[in-house]
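Colleague: Got a minute to go through this one with me? I'd like to hear the reasoning behind the labels.

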Amino acid sequence: MARDTGRKKDTGRRLIAQNKRARYDYHIDETWEAGMVLTGTEVKALRAGRASLADGYAHVVDGEVWLDNVHIPEYTQGTWTNHAPRRRRKLLLHKREIQKVIAKSSEPGWTLIPLSLYFKDGKAKVEIGLARGKKSYDKRQAIAKREAEREMQKAAAARFRRR
């Protein structure tokens, strides 16, 4: 007979941090979901909902994918065993995915950036994307398109209200 431990199962997806600037500054070609090798105090800090992906990037070293410059602040109730906030963290991907990442990111102009950090079924995951930088005119076109869509929505709503 199974024993009930009284602990609530952590299911679903709970967002911790998102890199909103990445989709503005880069064209995202492909994305992957990766696990991370973390210490206990890092997991506790993430469960408190504190992290920043702003300056983060991923790269390949000796056939392994590493995440650099992602800020997970120190756990406030941690002791001398606390972690370094911007340490290098290993990403966990399948071998086929790593080979695909290596092939695509080795081309000039492409980079790997973290898009979001979240818990999925109780495990910390990061979504990394293969990205190419946008030019300033691309950014202006994206803003103009977004504003045009917003204006169309306003006009349609105003027309609907008049009826």
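Colleague: What makes the charged end of Arg88 count as sitting over the ring of Trp66?

Modeller: Bear in mind that this is a predicted model. The charged end of Arg88 is 5.9 Å from the centre of the Trp66 ring, and the distance cut-off is within 6 Å, so the pair passes on distance. The charge must also lie within 35 degrees of the ring normal, and the pair is listed as sitting over the ring.

Colleague: Which ring does the charged end of Arg13 sit over?

Modeller: That would be the ring of Tyr118, with 3.7 Å to its centre. As for aromatic pairs, the structure holds zero of them.

Colleague: Why is Ser116 called buried or exposed?

Modeller: Ser116 has 3% relative accessibility, and buried means under 20%, so Ser116 counts as buried. It is part of strand β6, and its contacts include Arg13, Leu53 and Val126.

Colleague: What is unusual about the phi of Asp62?

Modeller: Its phi is positive, about 50°, although Asp62 is not a glycine. Most residues other than glycine have a negative phi. Asp62 lies in the loop between β3 and β4. Its relative accessibility is 77%, and exposed means over 50%, so Asp62 counts as exposed.

Colleague: And why is Asn69 put down as partly exposed?

Modeller: Asn69 comes out at 28%, which falls between the 20% and 50% limits, so partly exposed is the label. Asn69 sits in the loop between β4 and β5, and has a positive phi of about 65° without being a glycine.

Methods. Residues numbered from 1 in each chain as written. Predicted model: local features only at pLDDT ≥ 70, side-chain atom pairs only at ≥ 80, totals over all residues. Heavy atoms only, no water. Phe/Tyr/Trp six-rings, centres within 6.5 Å; stacked < 30°, edge-to-face > 60°. Helix = DSSP H or I, 4+ residues; strand = E, 2+ residues; numbered from the N terminus. Buried < 20%, exposed > 50% of the residue type's maximum accessible area, 1.4 Å probe, protein only. Contact = heavy atoms within 4.5 Å. Lists of a residue's contacts leave out its neighbours within four places in sequence.
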